[in-house]
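Work through the exercises below with the sequence and the model open. Try each task before reading its solution.

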Amino acid sequence: MRRLTALAEQAASREHILERLKSGSMHALLSVTAAVVAYIPPSSLGLQEGFWAAITALAVTQAELSATHSTARDQFLGAAIGGAVGAGFAYMLGHSLPVFALAAFIALVLAWLTNVPSAARLAGITVTIIMLVPHKTSDLTMLASRFGEVTWGIVAALIVATPVSMLRAHLEARHREASERQAD
């Protein structure tokens, strides 16, 4: 009896692993597709940091469309707040560690004031990129580039995730209907 129970547990474990492999593979395909869609236009235009669009698409793409929308909102808001604060502080007060610390603090607090606290970490990251990552362009150009790449990465993630989510919902509804007909 113990042997039979152990075999049943192994079979169930394999099914869970196969289901996780299937779900993980589908999510990976969705995320990578969004990243490639996000990366191609900026790199084709000769922009040097199109990788930010791909990184954003990877970060935004979630298994559920509602989660993708929430993450997209957080990313957009965080980039907008962090970009504006970082570029503003760099322009007015220059690049130094104390100025960076103050700008990051302000950006984090502002993100919390929007009642979207999950955007705060992204605001802080954007301040860090604008103020601490060396760049050859002006702070305003860095802001425009960073915000444009993040925005495009968000759009690419939504372009890819939305039809996939709609198709998944349609297929699940058809499967439920077929199951209900068989049960009758």
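Helices here are DSSP runs of at least four residues, numbered from the N terminus. The model is a predicted one.

**Exercise 1. The cavity and its lining**

Task: Find which helices each supply at least two residues of the lining of the largest cavity, and describe that lining by class.

Solution.
Step 1. Start with the count: the structure holds 1 cavity of 30 Å³ or more. The volume of the largest cavity is about 30 Å³.
Step 2. List the lining: Leu30, Gln62, Ala63, Glu64, Leu65, Thr68, Ala161, Ser165 and Arg168.
Step 3. Assign the helices. At least two lining residues come from each of α3 and α6, the latter spanning 139-183. The largest share, 3 residues, belongs to α6.
Step 4. Sort by class: 4 of the lining residues are nonpolar, 3 are polar and 2 are charged.

**Exercise 2. One lining residue, Thr68**

Task: Decide whether Thr68 is buried or exposed, and state what it touches.

Solution.
Step 1. Locate the residue: Thr68 sits in helix α3, which covers residues 65-93.
Step 2. Apply the cut-off. Buried means under 20% relative accessible area. Thr68 has 0% relative accessibility, so it counts as buried.
Step 3. Read off the contacts. Leaving out residues up to four places away in sequence, Thr68 touches Val60, Thr61, Gln62, Leu158 and Ala161. Gln62 and Ala161 also line the largest cavity, as does Thr68.
Step 4. Compare sequence and space: Thr68 and Gly86 are separated by 18 residues in sequence and by 26 Å between their C-alpha atoms.

**Exercise 3. Gln75**

Task: Decide whether Gln75 is buried or exposed, and name its contacts.

Solution.
Step 1. Gln75 is also placed in helix α3.
Step 2. Its relative accessibility is 8%, so Gln75 counts as buried.
Step 3. With residues up to four places away in sequence not counted, Gln75 touches Thr56, Ala59, Val60, Leu122, Val150 and Ile154.

**Exercise 4. The nonpolar cores**

Task: Name the residues with the most contacts inside the largest nonpolar core, and the elements that give two or more residues to this core.

Solution.
Step 1. The largest nonpolar core has 20 residues, and Val127 and Met131 have the most contacts inside it.
Step 2. Two or more residues of this core come from each of α3, α4 (97-113), α5 (118-132) and α6.
Step 3. Look at Val127. Beyond its neighbours within four places in sequence, Val127 is in contact with Gly82, Gly86, Phe100, Ala103, Ala104, Ala107 and Leu132.
Step 4. A separate core has 13 residues, including Leu30, Val150, Ile154 and Ala157. Of these, Val150 and Ile154 are touched by Gln75, while Leu30 is part of the cavity lining.

**Exercise 5. The aromatic pairs**

Task: State how many aromatic pairs the structure holds, and describe each one.

Solution.
Step 1. There are 2 aromatic pairs.
Step 2. Phe51 and Trp52 make a tilted pair, at 5.1 Å centre to centre and 40 degrees between the planes. Phe51 is partly exposed at 35% relative accessible area, whereas Trp52 is buried at 17%.
Step 3. The ring centres of Phe76 and Phe147 are 5.1 Å apart and their planes stand at 55 degrees, so this pair is tilted. Phe76 belongs to helix α3 and Phe147 to helix α6, so the pair ties together parts 71 residues apart in sequence.
Step 4. Phe76, at 39% relative accessibility, counts as partly exposed, and Phe147 is partly exposed at 25%.

Methods:
Residues are numbered from 1 along each chain as its sequence is written. This is a predicted model: local features need pLDDT of at least 70, side-chain atom pairs count only at pLDDT 80 or more; totals for chains, interfaces and linings use all residues. Side-chain values use heavy atoms; hydrogens and water are left out. Buried means under 20% relative accessible area, exposed over 50%, partly exposed in between (1.4 Å probe, protein chains only). Contact means heavy atoms within 4.5 Å. On a 1 Å grid over the protein atoms alone, a cavity is a set of points where a 1.4 Å probe fits but cannot get out, and a pocket is an open set with protein on both sides within 12 Å along at least five of seven lines; lining residues have an atom within 4 Å of a point. Grid points are joined across faces, edges and corners, and a volume is the space filled by probe spheres set on the points. Ala, Val, Leu, Ile, Met, Phe, Trp, Tyr, Cys and Pro count as nonpolar, Asp, Glu, Lys and Arg as charged, and the others, Gly among them, as polar. A nonpolar core is a set of buried Ala, Val, Leu, Ile, Met, Phe, Trp, Tyr and Cys residues joined through side-chain atoms within 4.5 Å. Rings of Phe, Tyr and Trp (its six-membered ring) pair if their centres lie within 6.5 Å; planes under 30 degrees apart count as stacked, over 60 as edge-to-face and the rest as tilted.
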